[in-house]
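Biologist: Got a minute to go through this one with me? I'd like to start with the cysteines.
Modeller: Sure, let me pull it up.

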Amino acid sequence: PGSQPYAHPLSQPYGEPGTQPLTTRLANTARWISLASLAIMALSALVVGLASATSNSSGTLAGLGYILAFLPLLGGPVGAILGILALLQTNTPFTLNGRKHAGIAIGAGLATLLLCCVIGYMAGTYNASGD
């Protein structure tokens, strides 16, 4: 009477509810880095696309788009790598949303790189000689 219950190696500690954590810190961080990078890269692609549509890929508007693309060009791959590392963590499968957040991080990081390629294509379509 008054004793603590036997602690089984796979059981929750005494006094804690048996709920799973929502996600891991690494998966959540990777997800937000990748999503922020994707949003900024999409804005950059929009700005460069507008400049390219006006046949002015070397103007001020396009330059602003190119500058906007620098930070997400680093953040996208970092988020994707962190997402891969989050998937490889031993505690990620035991969370409710850990795998999903890591998958979102990987997908958004790769989409950021794809948008960077689109920006490069739009920048290369401008003919500087005016032909």
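Biologist: Why is there no bond from the sulfur of Cys117 to the closest cysteine sulfur?
Modeller: Keep in mind that this is a predicted model. In it, the closest cysteine sulfur to that of Cys117 belongs to Cys116 and is 5.9 Å away, which is too far for a bond. A disulfide needs the two sulfur atoms within 2.5 Å.

Biologist: And how many disulfides does the structure hold?
Modeller: It holds 0 disulfides. Cys116 is in none either, with the sulfur of Cys117 as its nearest cysteine sulfur.

Biologist: Buried or exposed, what's Cys117?
Modeller: Cys117 counts as exposed because its relative accessibility is 53%, and the cut-off for that is over 50%. Cys116 comes out at 23%, so it counts as partly exposed.

Biologist: Switching topic, which residues does UniProt annotate as "transmembrane region"?
Modeller: The unreviewed UniProt entry gives residues 32–53, 65–90 and 102–123.

Biologist: How much helix is in 102–123?
Modeller: That span is 100% helix and 0% strand, with its end C-alpha atoms 32 Å apart. Residues 65–90 are 92% helix, also with 0% strand, and there the end C-alpha atoms lie 40 Å apart.

Biologist: OK, Arg31 next. Where is it?
Modeller: Arg31 sits in helix α1, which runs over residues 25–53. Its relative accessible area is 16%, so Arg31 is buried.

Biologist: What does the Arg31 side chain have a polar contact with?
Modeller: The side chain of Asn28, at 2.6 Å. Leaving out residues up to four places away in sequence, Arg31 also touches His101, Ile104 and Ala105.

Definitions and conventions
Residues numbered from 1 in each chain as written. Predicted model: local features only at pLDDT ≥ 70, side-chain atom pairs only at ≥ 80, totals over all residues. Heavy atoms only, no water. Buried < 20%, exposed > 50% of the residue type's maximum accessible area, 1.4 Å probe, protein only. UniProt positions renumbered as here; feature names shortened; annotations may be inferred. Helix = DSSP H or I, 4+ residues; strand = E, 2+ residues; numbered from the N terminus. Polar contact = N/O pair within 3.5 Å; in protein donor to acceptor, adjacent residues only side chain to side chain. Contact = heavy atoms within 4.5 Å.
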